[in-house]
Amino acid sequence: MDPFDNNSTDRANLPRNMIENSMFEEEPDVMDLAKDSAAFPTFPTLDPDEVVFEPSSSRLLVRGLGEHDIDEDEEDCESSARLLGMSFMNRSSAHRSSSSPYTRQSPPRSCSRPSARTMVVCVLLLVIVASMTMVLYFLPGCTFTKAGCPKPNKAAPLEPVYPVSTNGEPFPWAQFRLPFSIHPVSYDITLNPDLDNMTFTGCTVITLSVHHNTSLIVFHGANLNITKASFKVGDGEAHDVTLLEYKPRQQLAFKSAAELKPGQLCVLTLDYSASLSHTYDGFYNSSYTDKDGNKRVLAATQFEPLSARKAFPCFDEPAFKATFLIKINRKANYMTLSNMPKAKSTPLSGGFVQDEFEKTSVNMSTYLVAFIVANFSPVSKNVSKTKVSVYSVPEKEQHTGYALETAAKLLEFYNNFFEIDYPLKKLDLVAIPDFLAGAMENWGLITFRETTLLVGKQSSPLEKQVVASVIAHELAHQWFGNLVTMRWWNDLWLNEGFATYMQYTSLQTVYPQLDIGNLFLAVRFRALDKDALNSSHAVSTEVNAAEQVEEMFDSVSYEKGASILLMLNASLPGDQQFKKGIIQYLNQFRGLNTDTNDLWNSLTQVSMLNQNVSEMMSSWTSQKGFPLVTVSLKGDQVTFTQEHFLLTSDNATHTSTLWNIPLTYVNDSCSSAPECRQVFTLKTKTGTLKLPGSVKWLKLNYRNTGFYVVHYGDEGWAALREALSNNVGVLTSDDRASLIHNIFALSRLGRVSFHQVLNLLYYMSNETETSPVMEALLQLQNIYRLLDKRQEGGLVVRMKNYILRQFGSLMDNQTWGDENSVSKQELRSALLETACRLKEENCIKRAKALFKQHVESNGTIRIPGDLQRVVFTVAAQSDEDWVTLLNMYANTTYDAEKRKMIRGLASTQNTRQLVWILKTALNGDIIQTQELPLVISTVCNNFAGYLFAWDFIRENWDRLIEKFPVGSYALQTIIKSSTSQFSTPAHLDQVQCFFSSLKERGSQMRSVQEALETIRLNQRWMDQNLSTLRKWL
């Protein structure tokens, strides 16, 4: 069922000036029941005794239920009948006789009113007659024959409805997932890519094992022209088979001549041809310009989650692990890479060479297979028994050193930490010039964007942090995801949540100077923000369609997954129990597929106190959202209460399940040191704790290791505010940032007034640490942008003055030279970007001067890496400097710097330049299409650009979904950035109507539901807080 209203077009099609003017029109006091089911809650069916007659004067006016005037009694019947859908009222008056009982007759005035007894008797007789008539009408005629009706055959199952193949025949499989009766054992794949014509041919030989009696073989293939297919059983002869194809599910199938028995081995051989993909998945073509200005082409792969089937026919699901032998035929001037080391190269006729790679020494899921045909240069070193190499285009070889050093150190760390050595002989890290994802963990051949792998010699520590973080994530996958793989995409978090958790854990040990803790804290806050929406999903959730698989790659699977692992580790006794549990998990299931319960069972097995980890953690993975914990402190008595923190309560999916919460807390007597931390487990709705003595205040969720929000009540917040005003250091910087995040979240929920938020922020004049300042700036800038987009001019000026007043001294204290501390770079860039965005005079002046010096010195006077974004953004506000920046972009080879230039170019207020950069990024010529989500996000942050971006998305939607799969993270980003700052009914209608019109082209995406919910929440927050803002700013 389409959740959107297709008829809600009254505002959507207005010209923009009319839309803007209509944003603030007062809606009539009318409820449109057909318009938005989400606004109309579903009530339980009333018992007849509970129904009360309501006078017609108090009825709702229902739009659209009739055009003609009718008197009150008829209106009662007609309106009620239409609301209830009663067909007996849906008749034409043209067919009514003049004596029809349904035609209103004027009763004779002389008739006396019948008695109550007469009325009751008449009604009863009418009911009996009507009931008998209906029984006779609906019973089959055979009821009254001598033989009676035949009994139904209860044993006969319902026949499944099979889809139709491309040739018109019934396709013999009707499910999204493949049958488990046949499993692949090995693949032998030969590929012949033609980079001149952007095509390839292939031959795939799949050895299959039969697990259950069957004659049906179903597998995957997409956009492949199968020219020949043959099948043989055991040592028998191969016979040609005719394949059936069902394109909507990208499935191929055939039936064997004889039924296959468990234990038999079969061989399926397929010859095919295809075009190299022009998007970013499957076996796709890419290009770059070398130092001499020549265009170089290459081919690379991106198979996760559902695109191996676009390169070779296969059983493209994580549970169908097999071995792979890859052979690639290439021109002599190219080189090839795959998961395994090259075994041999054989010259072929016509100047071609066949590279054959070793058969994989491990069973792999298809999404981890990878191969590349290109001209790349490597740098290498050995780590234990593994050769580690970093590949790039030759012109950027000098930028590979940091990645090689980092990969080597992290591989050694993981080998020791997991007590299981990396199992392959080689580990390649490859920078692809045109690559949509940040990176991909293909076993033995990890692929990266150039910006996430290559670091210049003069790069800032912040840029090195980005590269180290991505490498740490992808290396962790070599164990979590590759060695042990989730059984199905519903448990993607077992891959991504663990890899995210380990990237932060590993860097805190291997590179403590990168201050990765601030970043980990910030992403946990953002995961809470997303999971507070009714449109969120459980960590482990049902997945039954391709777009649902794509949508699993979000902050719930990544950051929430990592957050609950952090919480579990912090709550288990001892320092090593969590580590022992995951080592047990990896050893027990190496080479296999698992689900969430397998992880919990492994952790339970090593529990020191016989804790049932599954019982504790299932509430965090099986239901969406997180708890709001309310604290009530009276003397030495503390009462904790938990409930679902849900921003949208209308039409919400409520769960009765509670969370098993390991509450941590500190108090005024001991509050910052780790030994101050106390633990209380809250399993029920309410729990009570008796403290050793009376305390002034409690701070829950020590260092924000738990995944929940805390409300302290008016007195509790006042006590914490006073404590911070007296001594900022009374709490850790993580705890101070946690308080700021929580009070803004509670304001959005409506539990605290915005006045209370501002009261807490009074202490910020004494705050100097990175995490609290960055969280406060982010929250205030979100409100600033909402006001700006609403054209609340007076409030925008006041909010600007408030921010500059609160953080002005910190902004003034920032330097514009080199800075080596990552934490100080983070703080400096956040403060100066805010100051310049708010047009603070000194900031603008310093940024312009630095850009001028850089240009006039031909780049010899460097702009520090953490300041490049703010400097380029300020420069782009001048038409002349915008052109200069565009020329710099064209001539710069270092990709991290190019991305900052893109942000600057996209921040212009010049509408012609905005239109140009949006179209250019979509076309992919000057600015690569992989950067389009970044361009749109940056354009949407500016008042001049956000409506242009929204129009651009609507006009080019079909091209967007050609580039980025429906449900993909790139599309999620585009939808969120283009709609998250809307807060008016007009924009809500417009967004709802547009996505409603898309149908299967994107209307059902979870990110669309999130966008609509966010707009409603923005509107609600504005309605509730505009008066407060006017009063207190």
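Buried residues have under 20% relative accessible area, exposed residues over 50%, and partly exposed residues lie in between (1.4 Å probe, protein chains only). The legends below describe a predicted model, in which local features need pLDDT of at least 70, side-chain atom pairs count only at pLDDT 80 or more, and totals for chains, interfaces and linings use all residues. Residues are numbered from 1 along each chain as its sequence is written, and side-chain values use heavy atoms, with hydrogens and water left out.

**Close-up 1. Salt bridge between Lys 331 and Asp 196.** At 33% relative accessibility, Lys 331 is partly exposed, whereas Asp 196 is exposed at 55%. The closest N and O atoms of the two residues are 2.5 Å apart. Lys 331 belongs to strand β11 (residues 323-331) and Asp 196 to the loop between β1 (182-194) and β2 (199-210), so that the pair links distant parts of the chain, 135 residues apart. Helices (H or I, at least four residues) and strands (E, at least two) are DSSP runs, numbered from the N terminus. A salt bridge is defined as a side-chain nitrogen of Lys or Arg within 4 Å of a carboxyl oxygen of Asp or Glu, and the structure holds 33 of them.

**Close-up 2. Salt bridge between Glu 775 and Arg 526.** The closest N and O atoms of this pair are 2.9 Å apart. Because Glu 775 lies in helix α16 (residues 770-789) and Arg 526 in helix α7 (residues 516-531), the pair ties together parts that are 249 residues apart in sequence. Glu 775 is buried, at 3% relative accessibility, while Arg 526 is partly exposed, with a relative accessible area of 26%.

**Close-up 3. Salt bridge between Arg 736 and Glu 767.** Here the closest N and O atoms are 2.6 Å apart. The pair links Arg 736 in helix α14 (residues 733-749) with Glu 767 in the loop between α15 (754-761) and α16, distant parts of the chain that are 31 residues apart. Arg 736 is buried at 5% relative accessibility, and Glu 767 is buried with a relative accessible area of 2%.

**Close-up 4. Surroundings of helix α11 (residues 596-605).** The buried residues of α11 are Thr 596, Asp 598, Leu 599, Trp 600, Ser 602 and Leu 603. These residues pack against α6 (493-510), α9 (556-571), α10 (577-589), β22 (593-594) and α12 (613-621), where contact means heavy atoms within 4.5 Å. At the start of the helix, a side-chain oxygen of Asp 595 reaches to within 3.2 Å of the backbone nitrogen of Asn 597. A polar contact is a pair of N or O atoms within 3.5 Å; within protein, one must be able to donate a hydrogen and the other to accept it, and residues adjacent in sequence count only if both atoms are side-chain atoms.

**Close-up 5. Aromatic pairs involving helix α10.** Rings of Phe, Tyr and Trp (its six-membered ring) pair if their centres lie within 6.5 Å; planes under 30 degrees apart count as stacked, over 60 as edge-to-face and the rest as tilted. The whole structure contains 50 aromatic pairs. The rings of Phe 498 and Phe 578 are stacked, because their centres are 6.4 Å apart and their planes stand at 20 degrees. Phe 498 lies in helix α6 and Phe 578 in helix α10, so this pair ties together parts that are 80 residues apart in sequence. Both Phe 498 and Phe 578 are buried. The rings of Tyr 585 and Phe 589 are tilted, with centres 5.7 Å apart and planes at 55 degrees. Tyr 585 and Phe 589 both lie in helix α10, 4 residues apart, about one turn of the helix. Tyr 585 is buried at 1% relative accessibility, and Phe 589 is buried with a relative accessible area of 12%. Ring pairs link these four residues into a cluster whose members include Phe 413, Tyr 422 and Trp 479.

**Close-up 6. Backbone geometry at Pro 305 and Ser 384.** The peptide bond from Glu 304 to Pro 305 is cis, with omega near 5 degrees; Pro 305 is located in the loop between β10 (295-302) and β11. Ser 384 has a positive phi of about 55 degrees although it is not a glycine. The loop between β16 (377-383) and β17 (386-392) holds Ser 384, which is exposed at 60% relative accessibility.
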